[in-house]
There are 4 protein chains.
Amino acid sequence: MNSFSAGDSVRIGIVGLGRLGRRHADNLATRISGASLVAACSPVADELRSARDALGVERLYDSYAALLADPQVDAVFLVTPTSLHPAQIIDALRAGKHVFCEKPLSLDLDACATVIEEARRHPQLKTLIGFVRRFDASYRDAFDKVRSGRIGRPFMVRSQTCDKNDPDGFFVRFAPTSGGIFLDCSVHDIDLARWLLGNPKPHRVFATGTIALHPGLAESQDVDNGVAVCEFEGGKLAVFYASRTMAHGHDTTTEVIGTSGALHIGRNPRANRVEIADAHGMSNECTLTFYERFADAFVSEAQAFVDAVRGDEALPLSLHDALEATRIGIAMRESLISGQPVMFDAVRETA
Amino acid sequence: MNSFSAGDSVRIGIVGLGRLGRRHADNLATRISGASLVAACSPVADELRSARDALGVERLYDSYAALLADPQVDAVFLVTPTSLHPAQIIDALRAGKHVFCEKPLSLDLDACATVIEEARRHPQLKTLIGFVRRFDASYRDAFDKVRSGRIGRPFMVRSQTCDKNDPDGFFVRFAPTSGGIFLDCSVHDIDLARWLLGNPKPHRVFATGTIALHPGLAESQDVDNGVAVCEFEGGKLAVFYASRTMAHGHDTTTEVIGTSGALHIGRNPRANRVEIADAHGMSNECTLTFYERFADAFVSEAQAFVDAVRGDEALPLSLHDALEATRIGIAMRESLISGQPVMFDAVRETA
Amino acid sequence: MNSFSAGDSVRIGIVGLGRLGRRHADNLATRISGASLVAACSPVADELRSARDALGVERLYDSYAALLADPQVDAVFLVTPTSLHPAQIIDALRAGKHVFCEKPLSLDLDACATVIEEARRHPQLKTLIGFVRRFDASYRDAFDKVRSGRIGRPFMVRSQTCDKNDPDGFFVRFAPTSGGIFLDCSVHDIDLARWLLGNPKPHRVFATGTIALHPGLAESQDVDNGVAVCEFEGGKLAVFYASRTMAHGHDTTTEVIGTSGALHIGRNPRANRVEIADAHGMSNECTLTFYERFADAFVSEAQAFVDAVRGDEALPLSLHDALEATRIGIAMRESLISGQPVMFDAVRETA
Amino acid sequence: MNSFSAGDSVRIGIVGLGRLGRRHADNLATRISGASLVAACSPVADELRSARDALGVERLYDSYAALLADPQVDAVFLVTPTSLHPAQIIDALRAGKHVFCEKPLSLDLDACATVIEEARRHPQLKTLIGFVRRFDASYRDAFDKVRSGRIGRPFMVRSQTCDKNDPDGFFVRFAPTSGGIFLDCSVHDIDLARWLLGNPKPHRVFATGTIALHPGLAESQDVDNGVAVCEFEGGKLAVFYASRTMAHGHDTTTEVIGTSGALHIGRNPRANRVEIADAHGMSNECTLTFYERFADAFVSEAQAFVDAVRGDEALPLSLHDALEATRIGIAMRESLISGQPVMFDAVRETA
């Protein structure tokens, strides 16, 4: 049952106003139909002030509990550190709020399971984990084509998330808590592979990697270039590549291979439709960041969440999907560290 | 002087709710910051009802004069037949409204001049003719690159507007009033050429064409595939191609050639980032309509208009630009019909 | 009647050992089946020496008449200045030799006609003018696709020959005798357009151009960037572009537009299959010269000539085709200079 | 010491006239400078007849020993089943012949070592194993760019060999003796990876795969789609993909990733420079077979062999390289079958 009538907006409170949080806030304030950004929560006073001045947000909180207590808030948008996700989601659900939460759900499988259990107790509340690529127009077109049989039976996915090298190495400092390259970057590709292959159960993973430019990662047993292979039931396969060291930009590309064709998504990470012919040849500039590549998808994602909350649309991905992505990512990290293939323990699967 | 304070929205009345009008209305209602779609005007009752029901527009008019009399309307969006543009713009200006008007300004040079004269009497009102391609991210990137000297001195533009063939031939019935293929399609390319070449004065045009699929055009002395060459002062050149008969989709592409490089915009009219490998080879789908290709540019265009009205940004194109595009388009049509090159009459230039 | 038996080679004498001549010589000596390069003729002693040392050519002549008198020579390959072509072809035919001659046949229509007349007197001798692009695998594939109906009825060709800028401006010094940009460069595109459109009769041309980088061309009434439009019978059209000033390389591209599709040949003048991703984006190097682009086609062309001489294959283009290309090129030059469209005089057509 | 003087041809005897053998024979007879195809050996009388009639080969043998006894033969070209390679190479060397042998050298490491040992006893004889991709112009350009530092330090290669699906499944019948997909297909990619990464020693491999279309492969413990990861010393990595089931053609592509850029070779397996715009979008046809893709490289390879025999050029790859490719391929097969990573046994390395 949906409590929103046609004219009502979903009143949203954003939690976390860092780089990505501000972009979500901006989208919610200006580009999402049927939603109003009414509240913001951050421990940083400047960020709250900026939300008020630039976006007209009136209800400002430095405490998450206070935000949850506000009856004028229908839903929260969590753009907070991963370690906070499980508790924040559970608290929001208990406060009767719908929840959008940035990926990943958690780096801990038990925490994922606890969230799922809590969500089951609130069937009227929607919870969406932000696997933004599912909302990208090109990925959606590919998914529709796969589903329509355009490439026969899909049996393999190759997918990569490659970031432009950050000489400052922000992610090196972030490595101890990021969960490593697979849980931080490949988790998107894992989710896409499951989605595009029809949600097969994983059977086994093998992962390895190398440090090309950032020796500081060794301390966290992490790498700046990682590859992984995942075997699924039914002979389905996925091959992943994640890199922090690209020279040309953010290069996310995915290939779905089927028995009568293959689809490539984003093979040339072109920034736009301009090509340049000059003494260096023929070239195009590339998208520099994930946000530039997926800016429209972030809007579609927020819109899909709002539509679902208003009862218009089903959510395209479940908490179970988010847990599965974490589960496979954790296994990759284990394989990277142990050097051995990792079997999936049937016991740990969720129903 | 700008009468809008930070919190105020520009209150817009849309005039014309046909196919493109509805899209403008939808953008204004949901995607433009600092604007509210408050009114709509159409002779078609169903269209007004639909604007109210889908977009929440409350102030509905079947008379343009009544809309103009509404003090709750700050600006009008004219998405009406070209023949109505001049009078409607003049009436709006006299009523104290800012004006956005779809291209072309008019098919008649005297009418263009009269509008310009009227606009000069209302320096506080903004008027924008919708040459939407200037607001496309790729065209804007190309323009910025040209301006920064990336290709040396630009001396030639090649630009085309090619539509997917419409077997029903809507444009054949429209031909008697469309002004012909150059004024209807190439007018965009003419505007781009002037913009990208630094607004040189035209010297001479030559045009020709052929009827490939739609013999009914002969009655209107029109063609379904037209080519034109325009010489500008300073040895600058532009070559245009317009077609109504493409098999693959809407294919708008522009090339700017300079003394040390060249830029191509939109060389492959790819629908998105998906490529398909199958028994037919490697392929991508194409944008099917101008709207699909320029959907984002229509939003940027409306946003630029609203920003200018609010005083935040200068308008990137003037009524003089719109007149020049019409002037060159008319000369092309004359050349097509006469079979002779057409010189530009210095007398008809506006200052 | 063919005088060559299976084991016999066509014995060829090359005439002219400049840059392109050496390449033809090298191909004939090493890559053409059924042919032997047995003789060479050049006024430059060093060039003859080099042909002997590098290619094993034994019969060396500084006089063309002496070469023609050699009974061990079956065919001549003329890679000489255009002004010499007609007389050299006629002399060769009278000496009973088959003739390959570089394009264009001549810059003079009467000379073309005289050659055709002479050739008619020697039906057993083959004469081929080197419009090399017809022998390129991609152009041939496009031609076959057009012929098979793949794009419906072809009604328009757009074709360009754009050379990398030569800062030394060799072609500026060459301009007084080259016949100008259209006869020197576009003559290839003209030939392609006729071929791809089914050899329609030309009706009218219009040409213009500009000097972007080489003011010295003004003396010869030539330009370094020229555009031309050619109307053919049956409403067929061709648009040509020729440039001497490209920054990125030799960029030859052709488009054939039909009623149910279009073909592009060579849209990205990629040097090979390598793409580079680096801080400048994604790029490919370009072919730098016409020879690099058409190296394989020069081999196929020579092979086709030899096969025809041996009686195995018909020649894919006639002296009439060569004359037509010159005729249209001359009309373009006239239009460029006069500023007026040029009608084709029916009287000057050859039967 | 080289026994060939300038005018001498290397006299070659081809052994094996199957599909690929005929192509090598044709190249040797018509396109290779400094070589003559003088002899042929095949157990199939028709093949010998055809070599004589089509290529003028006079010395025909149904016995390999007889060919080796012919003093008019300087070198042999072995295009025979892999199982025969080691003995045939050794016999040829003992007969004083130079040897070109199709890849792979052998599926057996001891046999590889024996061949290397024999070759060391004949330092004046050249032996080349046909890893044809090293002779492809695009791969060579990529190699030169890597070597010149264009992409910084290369640390990863991704490479694939994907064949168009053969519904008849020839390779299924061939599977028991082919060595499996990695030794049959990936061996090329392995060789490329070593070459492009600077010949690092392999540390460990992991491989897996799936049967998408050809269940008959299960009997041979083979797959029709295989993936493998190879770790090399110094943190270098390679990821391989081999497929027998592509719908669109033969798709060989390789990527070299370095610390300041990346190179892609053959990302779109375009058949030529033609693109087609029609109701299905924009497309290009693909190369259908490895031979179509590498036709020119087969010529360059044979030319490089002949040049080396004549003393003009060093060979770009050694028997040690061929052994290493086999060694890594065998480890992949072991990993595929065992499901475990396979460490390289230092003992089995050759010096």
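Put chain B and chain A together in this predicted model and about 2,700 Å² of area gets buried between them, with carbon and sulfur atoms giving 40% of it. On the residue level, 32 residues of chain B are in contact with 32 residues of chain A. If you want to know where to look on the chain B side, go to R273(B), V274(B) and E275(B): this trio supplies 25% of the area that chain B buries against chain A, more than any other three residues. Charged pairs feature here too, since the count between chain B and chain A is six salt bridges. For one you can pull up on screen, take E285(B) and K145(A), whose closest N and O atoms are 3.0 Å apart.

Now turn to chain D. Chain B and chain D bury about 990 Å² between them, and 61% of that is on carbon and sulfur atoms. Here 14 residues of chain B touch 14 residues of chain D. A247(B), H248(B) and M282(B) carry much of the load, supplying 43% of the area that chain B buries against chain D, more than any other three residues. As for salt bridges, the count between chain B and chain D is zero.

How are chains B and D arranged? Rotate by 180 degrees, with 0.0 Å of shift along the axis, and chain B superposes on chain D with an RMSD of 0.0 Å. The two copies are therefore related as by a two-fold rotation axis. To find that axis from chain B, head for S283(B), whose C-alpha is the nearest one in the chain, 2.0 Å away. Both copies use the same surface for the contact, as 100% of the contact residues of chain B recur in chain D.

Within chain A, the UniProt annotation, from an unreviewed entry, places a "GFO/IDH/MocA-like oxidoreductase" domain at residues 140-263. That span is 28% helix and 40% strand, and its end C-alpha atoms lie 12 Å apart.

What about disulfides? There are zero of them over all chains, and two cysteines show why. C230(A) has its closest cysteine sulfur in C112(A), 16 Å from its own, which is too far for a bond. C230(A) is also buried, with a relative accessible area of 0%. Over in chain B, the sulfur of C112(B) is 10 Å from the closest cysteine sulfur, that of C101(B), again too far for a bond. C112(B) is buried as well, at a relative accessible area of 0%.

Terms used:
Residues are numbered from 1 along each chain as its sequence is written. Chains are lettered from A and ligands numbered from 1 in the order in which they are written. This is a predicted model: local features need pLDDT of at least 70, side-chain atom pairs count only at pLDDT 80 or more; totals for chains, interfaces and linings use all residues. Side-chain values use heavy atoms; hydrogens and water are left out. A disulfide is a pair of cysteine sulfur atoms within 2.5 Å. Buried means under 20% relative accessible area, exposed over 50%, partly exposed in between (1.4 Å probe, protein chains only). Copies are superposed by least squares on the C-alpha atoms of residues with pLDDT of at least 70 in both. Contact means heavy atoms within 4.5 Å. UniProt positions are given in the numbering used here, feature names are shortened, and annotations may be inferred rather than shown by experiment. Helices (H or I, at least four residues) and strands (E, at least two) are DSSP runs, numbered from the N terminus. Buried area is the accessible area (1.4 Å probe) that two parts lose on being put together, summed over both. A salt bridge is a side-chain nitrogen of Lys or Arg within 4 Å of a carboxyl oxygen of Asp or Glu.
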